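Trainee: I'd love a close look at one part of this protein, the nonpolar core. Could you walk me through it and then show me how the neighbouring parts fit around it?

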Amino acid sequence: MAIMLLRIVAFFIMAVNLSYCQSFIGVNYGQVADNLPPPSATAKLLQSTSIQKVRLYGSDPAIIKALANTGIGIVIGAANGDIPALASDPNFASNWVNTNVVPFYPASNIILITVGNEVMTSGDQGLVSQLVPAMQNVQNALNSASLGGKIKVSTVHSMAVLKQSEPPSSGSFDPSFGDVMKGLLGFSNATGSPFAINPYPYFAYRSDTRPETLAFCLFQPNQGRFDPNTNINYMNMFDAQVDAIKSALNSMGYKNVEIVVAETGWPYKGDDNEVGPSVENAKAYNGNLIAHLRSMVGTPLMPGKSVDTYLFALYDENLKPGPGSERAFGLFKPDLTMTYDVGLSKTTSQTPNTPNVPTAPITPNVPTAPNTPKVPTAPNTPSAGPKTPANPSAAPRQKKGGGVWCMPKAGVSVTQLQANIDYVCGHGFDCSPIQPGGACFEPNTVASHAAYAMNILYQTAGHDAQNCDFAQTATLSSNNPSYDGCNYPSGST
C-alpha cells in the first residue's frame, strides 16, 4: 500500500509539473495604458503562472530585459508604420534587428518577430504590397546576425483574410489578396514561419446572439455545427475558425505551414448596449479554451496537438479608444491580482470553479501525503446536479485474476463524453494511446476515446468508486474492454 501511495503521489507531482510547462499557452502584453505595473513585477507574475510565451506589440527593451533568463518565449513586433522603411531599405531592417534583438538574445528568449498587425485587411494597398518585402528584409537581417534559424518572422492576420469560413472545410482566402498571399505563404513555407491569426468567437457571437451560438462560442454543451463535406460535427467556434484557416492553407497547397493563434479572448465587461461581455462569459471562454488546449485533443483537422495560442490579454489597456469592452480583456489587474480565475496560476487549481463549463467528472480522491500538491479540482457545474454518493457495495467485485474497468454509461451524449476526455487529458493523465498513432486511437470516435480516458483516471487514482462517477456518466464493469493491441489497464487482483 505504501508503494502504491508513493506511485500515486509521484504521478500527480509529475502531472502538476507538466501542467506548468505548457508551451502552447501564451498571452498578449499590450501597453496602451498608464497604470501598468513595472516590467520586473510582470515578469515575476508570469513566472507564477503556466503561461510560457508573451507577445508584445512592439519591442520595449525594458520588458525584453525583464524577461531575460526566465525561459519565457517572447514575440516582438515591428509596427505597421515601420513596414515601408523595412521593405525599401535593408540597412533599416539590419538596424532594427541589431537594436531590438541582438543585444538581448539569447538571455531573452525571442522566438518570433511579427511584421505588422492585420495589414492584409487594413485597406492600405501600398502597405499590403510592401509586407512580404519587409518580412524578407527582416529575415535577411536575422540571417546576417546568425539568428535566421533561431527566430522566425511572420505577420498577424484577422479572420477577414478569409472569403469563406463556413463550413470549415470550405475555408478559402479572399482572392483579392492574390499574389501577395501567395508570396507570404511561400515565405512562410520556405522559412518555417507560422501563419498567425486572430480568431475571436466573441465577435462571431456579437453578430448572432442566439443562445445556441453563445454555447457554441463558449465551449458549452450544444448540438454542434455539421460540416457536410467532412462529416465532422464541430462542437465549438474556436476549432471551426482555426480549421477554416487550415482548409484555406490546404487549398493553396501549403499544408505544412503551422498555424499560431496570435490573439483570442473575451471581454469581462462593456457598455450597456454591448451584447456578450460579462465576467461569467469571459471566465467560461478563457477557462474552457485553456482546458481544451491542455487536453491535447486538437482540432478535427489537426488532431492530437494544441495550436500555440496567445490569450488576449494580460492586462486591461485603459487608454484604448472605442467601446468599453476594448478596455476590459485583462486576465490580471494592475495590482497583479486575477480579474477572474481561469486556472493559470501555479498555486491554484488548473480547472477553476467556472459555472459555465460543460459538466466535468468528480475529482479523484488521491490519498494525501506530506507536501503533496493538491489535485486540481473539477468545475462546480450546476447543470450536473447534486453529486450522487458512490456506493462501493454496488460496484462489481473483483475476482481473483479478474479486473474492474471504468466505462461510460449507455446513452451519454457526445458532448458530455468529449467534456470527460478534455477533463482527463487536460489534467496530465497519459492520453497518448488515444492520440493519432496511439494503440487505442482507432476506432477514432469520441465514445471509444472517452472510455479509455475515463478508465485511465480511475485506474491511476487508486480504484476508488468515486473516481468512476464523471457526473453520473460512468459505471464500473467487470468486462475487459481491451481489443487488438489496445490494452485497458485494470484493477486486477
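Mentor: Happy to. In the largest nonpolar core, which has 98 residues, Ile76, Val101, Val115, Phe173, Phe195, Ile245 and Trp266 are the members that touch the most others. Helix H6 supplies the largest share of this core, nine residues. Please keep in mind that you are looking at a predicted model. In soluble globular proteins, nonpolar side chains tend to be buried together.

Take Ile76 as a way in. Leaving aside residues up to four places away in sequence, Ile76 touches Leu56, Gly58, Ser59, Ile64, Trp96, Asn100, Val101, Ile110, Leu112, Ile113 and Thr114. Val101 appears in that list, and Val101 is also among the core members that touch the most others. There is another core as well, apart from the largest one; this other core has 28 residues, among them Met407, Val424, Cys425 and Ala453.

For the wider setting, the chain has 13 helices and 16 strands. Of its 493 residues, 53% count as buried. Among contacts with a separation of 6 or more, 72% are between residues 24 or more positions apart.

Now back to H6, with two of its helix partners. Helix H5 covers residues 90-100 and H6 covers residues 125-144; their axes come within 8 Å and cross at roughly 55°. H5 and H6 are therefore oblique to each other, and H5 passes H6 in a right-handed crossing. On the H5 side the contact is made by Pro90, Ala93, Ser94 and Val97, and on the H6 side by Asn137, Val138, Ala141 and Leu142. Sorted by class, that contact has six nonpolar, two polar and no charged residues.

The other partner is helix H7, residues 178-191, whose axis comes within 9 Å of that of H6, with a crossing of roughly 15°. An angle under 35 degrees counts as roughly parallel, and H6 and H7 are therefore roughly parallel to each other. H6 passes H7 in a left-handed crossing. From H6, Val128, Leu131, Val132, Met135, Gln136 and Gln139 take part, and they meet Val180, Gly183, Leu184, Phe187 and Thr191 of H7. By class, the H6 contact with H7 has seven nonpolar, four polar and no charged residues.

The other core leads us to another helix pair. Helix H12 (residues 414-425) packs against helix H13 (residues 446-460) at an angle of about 40°, with the two axes 9 Å apart. That angle makes H12 oblique to H13, and H12 passes H13 in a left-handed crossing. In H12 the residues in contact are Val414, Leu417, Gln418, Asn420, Ile421, Tyr423 and Val424; in H13 they are Val446, Ala447, His449, Ala450, Ala453, Met454, Ile456 and Leu457. The class count for this contact is 12 nonpolar, three polar and no charged residues. Val424 and Ala453 are in this helix contact, and both are also among the members of the 28-residue core.

Finally, let's turn to a few loop positions. Glutamate 166 sits in the loop between strand E6 (162-164) and strand E7 (172-173). Glutamate 166 is exposed, with a relative accessible area of 57%. Its C-alpha is 7.3 Å from that of alanine 244, although the two are 78 residues apart in sequence. The peptide bond from glutamate 166 to proline 167 is cis, with omega near -10°, and proline 167 lies in the loop between E6 and E7.

A cis peptide bond also joins phenylalanine 312 and alanine 313, with omega about 15°. Alanine 313 is in the loop between strand E14 (309-311) and strand E15 (405-408). Leucine 336 lies in the loop between E14 and E15 too; its phi is near 75°, a positive value in a residue other than glycine. Leucine 336 counts as partly exposed, at 31% relative accessibility.

Glutamate 118 has a positive phi as well, about 55°, although it is not a glycine. You will find glutamate 118 in the loop between strand E4 (110-117) and H6, where it is partly exposed, with a relative accessible area of 28%. That brings us back to H6, the helix that gives the largest core its largest share, nine residues.

Definitions and conventions. Residues numbered from 1 in each chain as written. Predicted model: local features only at pLDDT ≥ 70, side-chain atom pairs only at ≥ 80, totals over all residues. Heavy atoms only, no water. Axes fitted to C-alpha atoms, helices over the stretch in contact; angles between N-to-C directions. Helix = DSSP H or I, 4+ residues; strand = E, 2+ residues; numbered from the N terminus. Parallel < 35°, antiparallel > 145°, perpendicular 65-115°, else oblique. Left-handed = near helix turned anticlockwise from the far one by under 90°. Contact = heavy atoms within 4.5 Å. Nonpolar A, V, L, I, M, F, W, Y, C, P; charged D, E, K, R; others polar. Core = buried A, V, L, I, M, F, W, Y, C linked by side-chain atoms within 4.5 Å. Buried < 20%, exposed > 50% of the residue type's maximum accessible area, 1.4 Å probe, protein only.
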